[in-house]
Each structure stands twice: as C-alpha cells, then as structure tokens.
Amino acid sequence: MLPPGQQAVEGFPRFGTHLHHPPPAVPAHPVIEIGGDVTLAVPLSDLARMPRREVVADLHCVAGWSAIGLRWEGVPFRIFYEQVIAPALDGADAIGHVAFVGLDGHRSVAAIEDALGDDVLIAENLDGRPLDGDHGAPARLVSPSQYGFVSTKHLSRIEVHSGPPTSASRSVADRLLEEHPRARVWHEERHARLPGRAVRTIYRLLIPPIRYLSARGAESTSGR
Ligand SMILES: Nc1nc2c(c(=O)[nH]1)N[C@H]1C(S)=C(S)[C@@H](COP(=O)(O)O)O[C@H]1N2
Ligand SMILES: [Mo]
C-alpha cells in the first residue's frame, strides 16, 4: 500500500533538485562534518566500526512517485547520534532539529523526533552494492517515512540545533512552497502552507521533465 497521492514507478530513477547537474566528485577521504551546537569531523570510514542494519523501504518523492522495495544498508542515524554527536554536546540545550547537507549543497531539515526514527539510516549500500553517484555516493541519509527531499544524498555535513531552523527564502513563491517541517508521507505533509492534495496534479506533471533532466546529468543511466 502506498501513502496518499503516491504512484509507484518502475525501478529507481535518479531524481532531485540537482536536475541536470552531474553527481559531485567523491573525496579521497570522505568526512562528515558535524556543526551547529557541536563541531566535529568524522571520517566516513568510522562507520565501518559502528552497529549497522538493513532497512527495506519505499522512497516517496514529494512530486508523487514512489520507488518500491529498496534495500538500504548502513548505520542507523540514532546510533550515530547517540555514539558520536550526543557525547560531544554539553547537554545544556535540548536539540530540536537536525540539518543534513550534501556535497552538492542540498540541505534538508528534520525535527529530532523524525531524525531519530527507527528506519532512518546513514546508508552506504543499496541492494547489496555501494551507492553510485546517481543515488548518493559515498553515503546518504535515508528517511523513508518522510518525503524524499529529507533524504540528502552525498551527505557531507550534519548540523544539530537547539533553536528553530532559520529559513533564508523570503519570496512569496518560496514561502507558499515552503517544505513541511515534518514531511511525513502517511500524513501527506508535502508543504507547510498548502494542503498536500492541492499540489498533487501540478507535481505529477513535473515528474517526466525532472526525471529526464536528472537522468541526463547522471553518471549511469542503467537504473538499479
Ligand atoms: N544531495 C542531494 N540529495 C537529494 C536531492 C538533491 O538534489 N541533492 N534530491 C532529493 C529529492 S527531492 C529526492 S526525491 C531524492 C531522490 O533520490 P534519488 O535521486 O536517489 O532517486 O533525493 C533527495 N536527496
Ligand atoms: Mo523529491
């Protein structure tokens, strides 16, 4: 069963706000920087020593397509938070939000209760293979209960904040299309200021052109 307003797609297309831009180059020694209320640099190779798990889940883009049955493997974000981030916090302020930033500048924000959900992973493998450039090499966030824009690919920076996240976008269009702060797929929380149902039709029309542009910027067009 799919969340309201979603349609299954064949395979797993590369899709994103990057449109035709090729995937960013993977650094020789990738690091996840931690910023906001703590400053740390965690080599990605450290993940190999942490508890890991597999999550089989669908990925739901806010535009209305869903890729079915993806098998992700990596470190649960909750474990990463508890073992790496929390010990470095001074404990004075409760963390309310987490921002996930990619090598290409993509930035998503999740409430701490959503980021610490059971199914949220820092994934390094998809369907038994290391992530390719299309789907977020060398590591990406996967938060299957939230719309795809939360699942930042090419993860390079995580920020933890006690205060509310600041939004730079101030134009009328930006405010109208402001992302929902929870973005839960089963609640159809597509946008902060518009009911989810209201944007279904217009988004559906945007799927083919975005998919076409994203595939043109892709490293491989082989799909899964
Ligand atoms: N770094 C980065 N992560 C990103 C995006 C992006 O443009 N850049 N797009 C997001 C959106 S809108 C969606 S739906 C999913 C799509 O994941 P896929 O390209 O692996 O299909 O990635 C998300 N993560
Ligand atoms: Mo998306």
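Two short exercises on a predicted model follow, each with a worked solution.

**Exercise 1. The sheet**

Find the strand order of the open sheet, and work out which strands stand at the edges and why one side of each lacks a neighbour.

*Solution*

Step 1. Lay out the strands. The open sheet has five, in the order β3-β2-β11-β6-β7, and the pairing is mixed.

Step 2. Look at the ends of that order. β3 (40-43) and β7 (107-111) each have a single partner strand, so one side of each is left without a neighbour in the sheet. From one strand to the next, the twist averages 20°.

Step 3. Zoom in on one pair. β2 (residues 31-36) and β11 (residues 155-161) run parallel and are joined by four bridges. Gly36 has Val160 in β11 as its bridge partner.

Step 4. Add the helix. α1 (residues 77-85) packs on the sheet and touches β2, β3, β6 (97-102) and β11. The direction of α1 makes about 70° with that of β11.

**Exercise 2. Two residues of helix α4**

Classify Leu213 and Ser214 as buried, partly exposed or exposed.

*Solution*

Step 1. Place them. Leu213 lies in helix α4 (residues 200-216), and Ser214 is in helix α4 too.

Step 2. Apply the cut-offs. Buried means under 20% relative accessible area, and exposed means over 50%. Leu213 has 30%, so Leu213 is partly exposed. Ser214 has 0%, so Ser214 is buried.

Step 3. Check the surroundings. Leu213 joins Leu19 and Tyr212 in a nonpolar surface patch of about 260 Å². Leaving out residues up to four places away in sequence, Ser214 touches Arg14, Phe15, Gly16, His18 and Leu19.

Definitions and conventions. Residues are numbered from 1 along each chain as its sequence is written. Chains are lettered from A and ligands numbered from 1 in the order in which they are written. This is a predicted model: local features need pLDDT of at least 70, side-chain atom pairs count only at pLDDT 80 or more; totals for chains, interfaces and linings use all residues. Side-chain values use heavy atoms; hydrogens and water are left out. Two strands pair if DSSP finds at least two bridges between them. Helices (H or I, at least four residues) and strands (E, at least two) are DSSP runs, numbered from the N terminus. Axes are lines fitted to C-alpha atoms, for helices over the stretch in contact, and angles run from 0 to 180 degrees between N-to-C directions. Contact means heavy atoms within 4.5 Å. Patches are made of residues with over 30% relative accessible area and no salt bridge: like charges are joined within 9 Å, nonpolar side chains (Val, Leu, Ile, Met, Phe, Trp, Tyr) within 5 Å. Accessible areas come from the Shrake-Rupley method with a 1.4 Å probe; for residues, only the protein chains shown count as cover. A salt bridge is a side-chain nitrogen of Lys or Arg within 4 Å of a carboxyl oxygen of Asp or Glu. Buried means under 20% relative accessible area, exposed over 50%, partly exposed in between (1.4 Å probe, protein chains only).
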